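Work through these exercises with the model open beside you. Try each task before you read its solution.

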Amino acid sequence: MAAKLQLRQSQSLVMTPQLMQSIRLLQFTHIELERFIDDEIERNPLLERAEPQDDAVSDQTQKIDAAPEIAPGGDWFETETAWSAEAISEKLDTSLENLFPDDPGTSERLGPDLTAQWKSASGNGSASSSDGFDVADMAAAAITLREHVGEQVALAFADPAARLIASELADGLDEAGYMRADMAEIAARLGTDRMAVTNALAVCQTFEPAGIFARDLAECLSLQLAVRDRLDPAMKALIANLELLARRDFQTLKRICGVDEEDLLDMLAEIRALDPRPGMAFSGGASDAIVADVEVRAANDGSWVVELNSETLPRVLVDHIYFAQVSPHAKNQTEKDFLAECLQNANWLTRSLDQRAKTILKVASEIVRQQDAFLVHGVRQLKPLNLRTVADAIGMHESTVSRVTANKYMLTPRGVFELRYFFTASIASSGGGDAHSSEAVRDRIKQLIDEEKPVDVLSDDAIVDMLRESGVDIARRTVAKYREGMNIPSSVQRRREKRALASAGR
């Protein structure tokens, strides 16, 4: 045994924090990315956002020489107000009334009062127009369910104690208008008895819209029927057996309610006219609109143009001038290291954002190339596609493609689709031809069921036979799974419902 020196060379993959962050950037949505960049700008003094250049022409006469154009991200009202009456009069040495004498104009269409308001709003000759005007000031803010209920509570309860109980009940409403709070807990917290809470709830259940403050679906429907004076014994029996209605067990329902088939169909029509979630009309917050990350449009030569949506691309700059100004004044090594680290992180972020954009564009372009038939002909021509196929085509790892397609959307001539939508399972062809996409098969199943006749309702086995005749090799359990996934009832339930509707029509 003797000690000796040996030279060994090896390779290994080291996941640095920056590399891990670059991987995370790929799967960020544009909202998450904006939030991440805001945090980085707050921590790093060398980072700043690249604000879009203002392309507006300062000279007023130049604005009049050409038709007004709305700049990207601009507002139509800002463009219209730039064309003020004074500017046009100065350019043409006349007024709008003299230019268009035959136009019935604002006064005849709107009336003198509204005409004065419009001229004041748009800055046409009003002294107050110099104070500025915001279109948003003319739109009333959407009232929330809590505010709507609060107004009714103030009018319905004269006793302060009862009003306090009602306010506590209102705090227990969910967004659908159901009362989810525990009444015993409210009574204990307010130091009152259960009867007082029950009485306050009974009053609150008379509020508009009808059905709010219900504790379950049956009570919600009962409250709405009571307002319509339709809560008779037969309807009460129907509401008490909603599970039978969900199973479409009409024979049992007729026996329980004591009505014939025609009356039962009328009762079902009344139930369908009710709102199971009355509070949703007062949903407090606006839902976030989907913003496409990639836009696809047809080119003149028949190909497809794939572009990134500029609205989802953050613009970040590294302030090298500021770094050059402050770096000579660093007092110690700690400050120098801090500045060097900030510069390194800033350069890394800009490179990572650029690489992220290129990767998304590359993946989206390959998806468009693979699914060209879908863009031209529709969902029936959607090809089966997996992540590995796209990854091999563009020379990337499958996990990278998976991260890129997560929570990203593509705007196509056929609508907005999540990138994951284009990756579907493969269903073999019965004739040995090309495989079929599972999404296309789902659409085919839905079409067959929509076109079936009341006297010839298709069973799952019949659908399997028809699909196999068209070249789709599919199992019965797969057809049942796809049908249930589209919330389509079984053939027995569909046949029962179609017969009931047909007899009602006679």
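The exercises below go through a predicted model.

**Exercise 1. Find which helix holds S222, and decide whether S222 is buried or exposed.**

Step 1. Locate the residue. S222 sits in helix 12, which covers residues 217–227.

Step 2. Check the accessibility. S222 has a relative accessible area of 19%. Buried means under 20%. So S222 counts as buried.

Step 3. Look for contacts, skipping residues up to four places away in sequence. S222 touches L231 and I239.

**Exercise 2. Describe the place of F213 and list its contacts.**

Step 1. Place the residue. F213 belongs to the loop between helix 11 (194–204) and helix 12.

Step 2. Read its accessibility. The value is 0%, so F213 is buried.

Step 3. Collect the contacts, leaving aside neighbours within four places in sequence. F213 is in contact with V149, L169, A170, L173, G177, M179, L201, C204, Q205 and F207.

Step 4. Add a distance. From C-alpha to C-alpha, F213 and V203 are 9.7 Å apart in space. In sequence they are 10 residues apart.

**Exercise 3. State how many salt bridges the structure holds, then work out what the pair D171 and R146 ties together.**

Step 1. Start with the count. The structure holds 23 salt bridges.

Step 2. Recall the principle. Side chains of opposite charge can pair when their charged atoms come close.

Step 3. Take the pair. The side chains of D171 and R146 form a salt bridge, at 2.8 Å from N to O.

Step 4. Place both ends. D171 is in helix 9 (residues 160–171), and R146 is in helix 8 (residues 145–156). The pair therefore ties together parts that are 25 residues apart in sequence.

Step 5. Check R146. Its relative accessible area is 34%, so R146 is partly exposed.

**Exercise 4. Compare the settings of two further salt bridges, D443 with R380 and D460 with R483.**

Step 1. Begin with D443 and R380. Their closest N and O atoms are 2.6 Å apart. D443 is in helix 22 (residues 438–450). R380 is in the loop between helix 19 (372–377) and helix 20 (387–394). The two residues are 63 residues apart, and the pair links distant parts of the chain.

Step 2. Judge their exposure. D443 is at 29% relative accessibility, so it counts as partly exposed. R380 is at 36%, so it is partly exposed too.

Step 3. Turn to D460 and R483. Their side chains meet at 3.1 Å, N to O. D460 is in helix 23 (residues 460–469), R483 is in helix 24 (residues 476–485), and they are 23 residues apart.

Step 4. Judge these two. Both D460 and R483 are buried.

Step 5. Widen the view. D460, D461, R476 and R483 are linked in a network of salt bridges.

**Exercise 5. Identify the residues with the most contacts inside the largest nonpolar core, and find which helix gives the largest share of this core.**

Step 1. Recall the trend. In soluble globular proteins, nonpolar side chains tend to be buried together.

Step 2. Size the core. The largest one has 25 residues. V401 and M410 have the most contacts inside it.

Step 3. Find the suppliers. Strand 2 (294–298), helix 18 (333–370), helix 19, helix 20 and helix 21 (398–405) each supply at least two residues of this core. Helix 18 gives the largest share, five residues.

Step 4. Zoom in on V401. Beyond residues up to four places away in sequence, V401 touches V363, L387, V390, A391, I394 and F423.

Step 5. Note the second core. This separate core has 22 residues, including A162, M179, A187 and L201.

Methods
Residues numbered from 1 in each chain as written. Predicted model: local features only at pLDDT ≥ 70, side-chain atom pairs only at ≥ 80, totals over all residues. Heavy atoms only, no water. Helix = DSSP H or I, 4+ residues; strand = E, 2+ residues; numbered from the N terminus. Buried < 20%, exposed > 50% of the residue type's maximum accessible area, 1.4 Å probe, protein only. Contact = heavy atoms within 4.5 Å. Salt bridge = Lys/Arg side-chain N within 4 Å of Asp/Glu carboxyl O. Core = buried A, V, L, I, M, F, W, Y, C linked by side-chain atoms within 4.5 Å.
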